[in-house]
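Q: Please take a close look at one strand of this model and the parts around it. Which partners does the strand have, and what lies beyond them?

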Amino acid sequence: MEATTAIIPTFNRATLLKACLDAVMAQTLPPAEILVVDDGSSDDTAAIAQSFGEPVTFVWKPENSGKARSLNLALERAQHALIWVIDDDDIVEPDALEKLTWLLRDRPEAGFSYGRHLRFSEDETGQRTLGDTGYWCTCAPDDFLTATLEDFFVHQPGMLARKALYDEVGPFDESLMRSQDYDMLVRLARAAPCIGTEDVVFLQRQHEGLRGEASRQFGAAERDAKWMAYDARIFRTLFADIELDEFLPRGHAMETKLDERRALIQRGVVYARKSLWDLAVPDFELAGESGGGPLSADEVAILRRAFASKYGCADILEDKTLIDRLRRLKLAEPGGGEILSELARGLRWRVREAAQSGAYRRAAHLAGRVVSMTLAK
């Protein structure tokens, strides 16, 4: 069985790091090597890491240059065939590495394996409260790339990748303060198939602590806005690089106009969920103009996810021009009207969600947008 290097980048989280390392050291299948890369901490991080002895190797990086640089430094030093990146504030389950390793052993063609997580929090006494997974997508291996393009649901402590695959796709992007892991996962998923499990393999800590490197730290309240901004940056760059047929299931060649229509719809939904409507709407227009008869069940399901991003759909309320741009889909004959209708049906889910949570004013505003989208122009 191939051996694993576990990589733990850290910065000023000595107490949380101890709990993280305790869980890594308690694995039923221990990693052969554990690299703790300290991004210039000023607390007791070094003492905590060094107190564990072998197989922990403490790597000091005094320049505080960010998580991506820490990961790249560790990948250069890693000595084993499998790589397990673990966030310093999370807790891996005792059998996590064993499960992820066996998945790869059973599927040698897979570049990485992955499992589910649960969120958790701790009070001042250390009492732990478990939550749900948050956003999770159960999908076939061939649909993993498109599911990941829609939203980031597999996190580094829950995945085990072959070092050769990291070498193939290149280093983490050190210009990204956030979403380095999302950018990397997209690259891994484009390059190789994967295999997953519904089993929970780690616990993801929810806390109010600071994030980011010392010169650009931010709190939990800013977290989603930062992620959205960096995701948008990544996906704008990706648009020019990724081929349209990559928006089909892996191995499905784009041979017909219907294949092209589905790929355009899928790409449009991916970019809608990133609030990049300037890129999404033209794809919906092209899909509407392509013909081919009524939408398939798969295309309908994809379109109804356009407003279902975990970051919400504030753009449909705040962008006064978006409704007009969407309504012009009716002009994209013969199928633009049907595409618009399915987008509107997807938005109704947000109306129900707001109403069920007691946000009645928001529900009313969203319902008005649904009506506006479907009114004749």
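A: In this predicted model, strand 6 (residues 112–122) pairs with strand 8 (residues 159–162) in the antiparallel sense. Three bridges hold that pairing. Ser-113 stands opposite Leu-160 of strand 8.

Strand 6 also pairs with strand 9 (residues 194–205). Here the two run parallel, and eight bridges join them. Arg-119 of this pairing faces Gln-204 in strand 9.

Another partner is strand 7 (residues 128–130). Strand 6 and strand 7 are antiparallel, with three bridges between them. Phe-120 has Leu-130 of strand 7 as its bridge partner. Strand 6 and strand 7 form a hairpin with five residues between the strands. Within that hairpin, Gly-126 takes a positive phi near 90°.

Phe-120 has a further role in the picture. The charged end of Arg-128 sits over the Phe-120 ring, 5.0 Å from its centre. A similar arrangement can be listed elsewhere: Lys-274 lies over the face of Phe-235, at 4.5 Å from the ring centre.

Now the aromatic side chains. A pair of rings is described by the distance of the centres and the angle of the planes. The count for the model comes to 12 aromatic pairs. One of them joins Tyr-114 and Trp-136, with ring centres 6.1 Å apart. Their planes meet at 55°, so the pair is tilted. Tyr-114 lies in strand 6, while Trp-136 lies in the loop between strand 7 and helix 5 (144–150), so the pair ties together parts 22 residues apart in sequence. Tyr-114 and Trp-136 are both buried.

Trp-136 also pairs with Phe-153. These ring centres are 5.4 Å apart and the planes stand at 90°, so this pair is edge-to-face. Again the pair links distant parts of the chain. Trp-136 is in the loop between strand 7 and helix 5, and Phe-153 is in the loop between helix 5 and strand 8, 17 residues apart. Phe-153 is buried, as is Trp-136.

These rings belong to one aromatic cluster. Its members are Phe-112, Tyr-114, Tyr-135, Trp-136, Phe-144 and Phe-153.

Tyr-135 leads on to helix 9, through its contact with Arg-273. Arg-273 is in helix 9 (residues 257–273). Is Arg-273 buried or exposed? Its relative accessible area is 4%, and the cut-off for buried is under 20%, so Arg-273 counts as buried. Leaving aside neighbours within four places in sequence, Arg-273 is in contact with Tyr-135, Glu-150, Asp-151, Arg-305, Ala-306, Ala-308 and Ser-309.

Gln-266 lies in helix 9 too. At 4% relative accessibility, Gln-266 counts as buried. Its contacts, with neighbours within four places left out, are Thr-146, Glu-150, Phe-247, Ile-302 and Arg-305. Glu-150 and Arg-305 therefore appear in the contacts of both Arg-273 and Gln-266.

Next, the helix packing. The axes of helix 10 (residues 277–289) and helix 14 (residues 336–356) come within 7 Å. They cross at roughly 130°, so helix 10 and helix 14 are oblique to each other. Phe-284, Ala-287 and Gly-288 of helix 10 make the contact with Gly-336, Ile-339 and Leu-343 of helix 14.

Helix 14 also packs against helix 15 (residues 360–374), at an angle of about 170° and with the axes 8 Å apart. That makes helix 14 roughly antiparallel to helix 15. On the helix 14 side, the contact residues include Leu-340, Leu-343, Ala-344, Leu-347 and Val-351. On the helix 15 side, they include Tyr-360, Ala-363, Leu-366, Val-370 and Met-373. Leu-343 takes part in the contact with helix 10 and in the contact with helix 15.

One last site is in helix 1 (residues 14–25), where Leu-17 is found. Leu-17 has 0% relative accessibility, so it counts as buried. Residues up to four places away in sequence aside, Leu-17 touches Ile-8, Thr-10, Val-36, Thr-45, Ile-48, Ala-49 and Asp-88. Leu-17 and Asp-87 are 70 residues apart in sequence, yet their C-alpha atoms are 8.8 Å apart in space.

Technical notes: Residues numbered from 1 in each chain as written. Predicted model: local features only at pLDDT ≥ 70, side-chain atom pairs only at ≥ 80, totals over all residues. Heavy atoms only, no water. Helix = DSSP H or I, 4+ residues; strand = E, 2+ residues; numbered from the N terminus. Buried < 20%, exposed > 50% of the residue type's maximum accessible area, 1.4 Å probe, protein only. Contact = heavy atoms within 4.5 Å. Pairing = 2+ DSSP bridges. Phe/Tyr/Trp six-rings, centres within 6.5 Å; stacked < 30°, edge-to-face > 60°. Lys NZ or Arg CZ within 6 Å of the ring centre and 35° of its normal. Axes fitted to C-alpha atoms, helices over the stretch in contact; angles between N-to-C directions. Parallel < 35°, antiparallel > 145°, perpendicular 65-115°, else oblique.
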